[in-house]
Amino acid sequence: MKCNKTNAMRILDTLKIPYEYQTYECDTFRDGVQIADMLGLDHTIVYKTLVTVSPRKEYYVFVLPVEQELDLKKCAKAVGAKSLELIPVKEIQQVTGYIRGGCTAIGMKKLYPTRIDTSAEQLDRIVVSGGRLGIQLSLNPYDLAGAAKAEFAEITQDP
C-alpha cells in the first residue's frame with residue numbers, strides 16, 4: 001500500500017538514510033505491543049517514543065523497547081536534568097507536532113535532546129512510529145540516532 005510520506009520520512013529521504021515502512025489500519029491510539037502484534041513483529045525490535053518535561057519546562061525525548069518502562073531517574077541523569085515526568089497526553093501534539101501513537105523522534109516541531117535505549121545498539125534494525133498513526137518505520141538504530149541527533153543511554157527500568 002502506498003502512503004503519503006510523513007515529515008519523518010521526508011527528513012530521512014533528504015538525509016539519504018535508508019528505511020522501510022509498513023502501514024496498518026488504525027484510527028485510534030494503540031500501544032506499541034498491540035501494533036507489533038498486528039504487524040507480526042518481534043517485540044524486541046519495536047521501540048516507542050516518549051516525551052518528558054523537566055520542572056524548568058525543558059522537553060526531552062526517549063526511545064525505548066515497547067515492552068519496557070522508562071526509569072525517570074536514569075533519564076534525568078542521561079540528559080542532565082534534576083527530575084523528569086512524562087508530559088500529559090493532551091500536550092503531545094502541541095509540543096511535538098505529532099499525535100499520541102504517531103510520535104517519532106525524527107522531525108518534531110523542535111529538536112529536543114533525545115536518548116535511545118542502549119539495547120538498540122545491539123540490533124541491526126529497529127521499528128519506530130513513522131510520524132502518523134498507521135505507519136511504522138524500520139531503520140538502523142544508528143541512522144535513527146543521526147537523524148534525531150540522539151545519543152544512546154540506559155533509560156529503562158531494571159527487570
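The buried residues of helix H2 pack against two strands, E1 (20–23) and E7 (135–139). That is a good place to begin a walk through this structure, which is a predicted model. Helix H2 spans residues 32–39, and its buried residues are Gly32, Ile35, Ala36 and Leu39. These four cover an arc of only 100° around the axis, which puts them on the same side of H2. Just after the helix comes glycine 40, with a positive phi of about 65°.

Now let us turn to helix H1, where the buried residues are Ala8, Met9 and Leu12. Looking down the axis of H1, you will find these buried residues within an arc of 100°, so they line one face of the helix. Their packing partners are E1, E7 and H5. Strands E1 and E7 are therefore met by buried residues of H1 as well as by those of H2, while helix H5 also joins the list for H1.

What follows just after H1? There you meet lysine 16, which takes a positive phi of about 55° although it is not a glycine. Lysine 16 sits in the loop between H1 and E1. With a relative accessible area of 72%, lysine 16 is exposed. Another loop, between E2 and E3, holds lysine 57. The phi of lysine 57 is near 65°, again a positive value in a residue other than glycine. Lysine 57 is exposed too, its relative accessible area being 61%.

From these exposed loops, let us move to the interior. In soluble globular proteins, nonpolar side chains tend to be buried together. Here the largest nonpolar core has 32 residues, and those with the most contacts inside it are Leu12, Val51, Val128, Leu137, Leu139 and Leu144. Several elements give two or more residues to this core: the helices H1 (7–14), H4 (92–96) and H5 (141–148), and the strands E2 (47–53), E3 (59–65), E6 (126–129) and E7. Which element gives the largest share? That is H5, with 4 residues. Apart from this core lies another, of 11 residues, including Phe62, Leu64, Cys75 and Ala153.

Helix H5 deserves a look of its own. Its buried residues are Pro141, Leu144, Ala145, Ala147 and Ala148. They cover an arc of only 165° around the axis, which puts them on the same side of H5. The buried residues of H5 pack against H1, E3, E5, E6, E7 and strand E8 (151–153). For a view of one residue in this helix, take leucine 144: not counting residues up to four places away in sequence, it touches Val63, Ile106, Ile116, Ile126, Val128 and Leu139.

Two further residues let us look into the strands. Threonine 49 is found in strand E2, and it is buried, with a relative accessible area of 13%. Leaving aside neighbours within four places in sequence, threonine 49 is in contact with Val61, Phe62, Val63, Cys103, Thr104, Ala105 and Met108. Arginine 115 has its place in strand E5 (residues 114–117). Is arginine 115 buried or exposed? At 10% relative accessibility, arginine 115 counts as buried. With neighbours within four places in sequence again left aside, the contacts of arginine 115 are Val61, Phe62, Val63, Ala78, Val79, Glu151, Ala153 and Ile155. One of these partners is distant along the chain: arginine 115 and isoleucine 155 are 40 residues apart in sequence and 7.9 Å apart in space, C-alpha to C-alpha.

The last stop is the empty space inside. Rolling a probe the size of a water molecule over the atoms shows where empty space is left. How many cavities of 30 Å³ or more does a search of the whole structure find? The search finds 1. About 40 Å³ of space lies in the largest cavity. Its lining is made up of Val61, Ala105, Met108, Lys110, Leu111, Tyr112, Thr114 and Ala148. By class, that lining has 6 nonpolar, 1 polar and 1 charged residues. Some of these names are familiar from earlier: Val61, Ala105 and Met108 are also among the contacts of threonine 49, and Ala148 is one of the buried residues of H5.

Technical notes: Residues numbered from 1 in each chain as written. Predicted model: local features only at pLDDT ≥ 70, side-chain atom pairs only at ≥ 80, totals over all residues. Heavy atoms only, no water. Buried < 20%, exposed > 50% of the residue type's maximum accessible area, 1.4 Å probe, protein only. Arc of directions from axis to C-beta. Contact = heavy atoms within 4.5 Å. 1 Å grid on protein atoms, 1.4 Å probe; cavity = no way out; pocket = protein on both sides within 12 Å on 5 of 7 lines; lining within 4 Å. Points joined across faces, edges and corners; volume = space filled by probe spheres on them. Nonpolar A, V, L, I, M, F, W, Y, C, P; charged D, E, K, R; others polar. Core = buried A, V, L, I, M, F, W, Y, C linked by side-chain atoms within 4.5 Å.
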